[in-house]
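Please open the model in a viewer and keep the sequence panel visible. The tour below proceeds by selection, with a short account of what each selection shows.

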Amino acid sequence: MKKRLIVDMDGVLSDIYAQYLSYEFKDLKIKQDLNALNGIPENEAFVNHSAYINSEGFFLTARPIEGSVAVLEKLNRNYEVFVVSSATEFLLSLGEKMKWLDQHFPYIHWKQIVLCGSKELISGDIMIDDHLRNLDTFNGKTILFTQPHNANILKTVHSRVDNWMEIEKLLL
């Protein structure tokens with residue numbers, strides 16, 4: 001039987017920081033250095049964070065994180081993959097996330113997608129996420145995907161990866 005792999009969307013598959021930076025530059029002409037955001041939660045790093053994530057097209061037009069499309073396709077052959085996203089807080093994101101996954105990850109069947117409010121009920125063997133709040137409540141192996149908001153967390157019980165090539169080496 002294949003192991004169940006839970007994969008987060010925003011910040012793991014979807015380059016949400018590039019999207020924030022793009023929106024902020026277009027909106028306010030502010031050009032932030034990604035490294036300067038280390039340790040700062042997204043809602044504090046971006047002045048109009050709430051307006052951006054609640055705007056039409058924000059989730060739909062984000063680009064995939066480098067390597068995610070190819071590596072997840074390989075993982076999908078070797079694991080029982082589920083893409084899980086805490087999406088119900090942002091109502092516009094529900095449809096956009098489904099369309100985005102269909103566009104960039106067409107090999108992920110709709111039955112492999114879980115859009116929820118909390119990941120506490122999610123079970124599996126391995127979870128890849130960029131937020132400790134999701135990994136800390138998971139009962140299996142946990143992998144922390146590095147993003148600026150978690151970059152300053154040096155000691156953690158979770159394995160850490162910086163990119164999809166590291167995930168490929170770790171899981172395949």
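Which residues of the largest nonpolar core touch the most other members? Select L13, L72, L75 and W164: within this core of 27 residues, these touch the most other members. Next, colour the elements that contribute to the core; β1, α4, β2, α5 (91-104), β4 (126-129), β5 (141-145) and α7 each supply at least two of its residues. A second, separate core has 13 residues, among them L21, A45, F46 and F58. As a general rule, nonpolar side chains in soluble globular proteins tend to be buried together.

**Confidence**

The coordinates on display are a predicted model. Colouring by pLDDT gives a chain average of 97, and 100% of the residues score at least 70. Among the elements, β1 has the highest mean pLDDT (99) and helix α2 (residues 42-45) the lowest (96).

**Helix α4**

Select residues 68-78, which form helix α4, and display its buried residues: S68, V71, L72, L75 and N76. Viewed down the axis of α4, these buried residues fall within an arc of 145 degrees, so they line one face of the helix. The cover over them includes β1 (4-8), β2 (80-86) and α7 (164-171). Now centre on L75 and leave out residues up to four places away in sequence: L75 touches L5, V81, W164, I167, L171 and L172.

**Helix α7**

Move on to α7, where W164, I167 and L171 are buried. Down the axis of α7 its buried residues fall within an arc of 50 degrees, so they too line one face of the helix. Their cover includes β1, α4, β4, β5 and β6 (159-161).

Is I167 buried or exposed? With 0% relative accessibility, I167 counts as buried. Apart from neighbours within four places in sequence, the contacts of I167 are L75, I128, F145, V161 and L172. A distance monitor from I167 to S68 reads 9.3 Å between C-alpha atoms, although the two residues lie 99 places apart along the chain.

**Helix α1 and the loop after it**

Select Y20, which is found in helix α1. Y20 counts as buried because its relative accessibility is 4%, under the cut-off of 20%. Beyond residues up to four places away in sequence, Y20 touches E42, F46, H49, Y52, I53 and F58. For a contrast with the previous distance, measure from Y20 to V81: these are 61 residues apart in sequence and 27 Å apart in space, C-alpha to C-alpha.

Then select K29, in the loop between α1 and α2. K29 is exposed, its relative accessible area being 59%. The backbone at K29 deserves a check, as phi is near 60 degrees, a positive value in a residue other than glycine. In general, most residues other than glycine have a negative phi.

**The largest pocket**

Finally, display the pocket surface. Which residues lie closest to the centre of the largest pocket? The pocket has a volume of about 570 Å³, and of the 27 residues that line it, E42, S86, F90, H131 and R133 are the closest to its centre. To trace the lining by element, colour α1 (16-28), α2, α3 (49-53), β2 and α6 (132-135), each of which supplies at least two lining residues. E42 links this selection to an earlier one, since E42 is also among the residues that Y20 touches.

Methods:
Residues numbered from 1 in each chain as written. Predicted model: local features only at pLDDT ≥ 70, side-chain atom pairs only at ≥ 80, totals over all residues. Heavy atoms only, no water. Buried < 20%, exposed > 50% of the residue type's maximum accessible area, 1.4 Å probe, protein only. Helix = DSSP H or I, 4+ residues; strand = E, 2+ residues; numbered from the N terminus. Arc of directions from axis to C-beta. Contact = heavy atoms within 4.5 Å. Core = buried A, V, L, I, M, F, W, Y, C linked by side-chain atoms within 4.5 Å. pLDDT = per-residue confidence, 0-100. 1 Å grid on protein atoms, 1.4 Å probe; cavity = no way out; pocket = protein on both sides within 12 Å on 5 of 7 lines; lining within 4 Å. Points joined across faces, edges and corners; volume = space filled by probe spheres on them.
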